[in-house]
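Dear colleague,

I am passing on a structure that you have not worked with before. Please open it alongside this message, and then read the notes below it.

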Amino acid sequence: MQHHEPSRSSERSVREEMIAASHPLRAAETTGAHDFFGEPFQPRRPFLGGHAQTIAGNFLPRRNELAAPEERLIRVEPEVQVLCHCHWQAERAGATTLIMVHGLEGSSQSQYVIGTGSKAWRAGMNVVRMNMRNCGGTEQLGPTLYNSSMSADVGMVAETLIREEGLQKLGFAGFSMGGNLVLKLLGEWGTQAPAQVKAGIGVSPAMDLAASADALHDRVNRIYEWRFLRGLKKRIERKAALYPGRYDTSYLRRLQSLREFDDRVTARYCGFAGAQDYYTRAASAQVLDRIAVPTLILHAEDDPFIRVLPDTRQKLLQNPHITYLETAHGGHCAFLTEPNGYDGRWAERQAIAFVQRVERGESVAAPDWAGS
């Protein structure tokens, strides 16, 4: 039998395992010495199904390792500002900046934003946690509502920070509704995106809005729909109190589905003919074929309510700028795997590893297991 001396890589692996044992949530998880991009996803026991993943992913806490933020108000329309929480590295202009966009009824405080932001911060990136209009307690910053078509707000935040901070490298990470906004923006920009924009990421993005809204009304998903509706109705009531005479709240109690809400509220106050018109015009599925910067999209087949239609999936697989990773399990914005040397938040780790690969000019092609 031939004897082999331990390689430097194996010695490094032993050291890293020792670090992981003593600091399981910090174990060199996002350093340049590692490349976790494309690692297969295995659901954490006992959270094997889509609902279990989704619920556990929402309620199991993340560690917040972000530095104290700078609060920044950015004007997106003459009468409207949005609040961003900015975390700057010492040399902010030269560091990659990751702008994160939350989902429906989320905010800059959403746990997936905190978790991904912490990983980006440890990797040496600037982190900008953006609140969509009215989110994060900012209803007073403008009279309008927010909705899934407002990709221009995300673009305005990016362009403002590029101009005012001299940022050289920038990426986006959007979750659920925020994922749709990021992908819609990149598709609308096409080949005309600012030169500083290097990457985009969509985690469980709602690309096919109509199909996903209707899936929320399935009996097994009503708990999610009720939660969204409760938050949306309360938000309209707060807006009506702040802007008397602008919003009619008399029929809110009668609305029993997200589609009904979008038909009676979103469409009425945001310039759409109805819910279907809104879903069609706001869906990033319409412009996925125009995305021209490296973009990672993560979707789980057992996501309880996000649906990816066949035509949309085909666009994702045919666009050479898009890396589409579809897993059998993972739920919605969850992707909980075993905490083996890190916190087990697989999608968050994939997102940061993807940006790092883009930074290094390395391949971001989908691995064989992704089936693309």
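The notes that follow deal with the nonpolar cores, the cysteines and the cavity.

This is a predicted model, in which local features need pLDDT of at least 70 and side-chain atom pairs count only at pLDDT 80 or more, while totals for chains, interfaces and linings use all residues. Residues are numbered from 1 along each chain as its sequence is written, and side-chain values use heavy atoms, with hydrogens and water left out.

The largest nonpolar core (buried Ala, Val, Leu, Ile, Met, Phe, Trp, Tyr and Cys residues joined through side-chain atoms within 4.5 Å) has 70 residues, of which M132 and F172 touch the most other members. Helix α5 (residues 177-189) contributes the most to this core, with seven residues, helices being DSSP runs of H or I with at least four residues. Apart from this core lies another, of 35 residues, including F36 and V113.

The search of the whole structure found zero disulfides, a disulfide being a pair of cysteine sulfur atoms within 2.5 Å. C135 has its closest cysteine sulfur in C84, 12 Å away, which is too far for a bond. C135 is buried, with a relative accessible area of 0%, whereas C270 is partly exposed, at 21% (buried is under 20%, exposed over 50%, partly exposed in between, with a 1.4 Å probe and protein chains only).

Lastly, R62, Y112 and E348 are among the residues that line the largest cavity, where a cavity is a set of points on a 1 Å grid over the protein atoms alone at which a 1.4 Å probe fits but cannot get out, and lining residues have an atom within 4 Å of a point.

With best wishes

How values were computed:
1 Å grid on protein atoms, 1.4 Å probe; cavity = no way out; pocket = protein on both sides within 12 Å on 5 of 7 lines; lining within 4 Å. Helix = DSSP H or I, 4+ residues; strand = E, 2+ residues; numbered from the N terminus.
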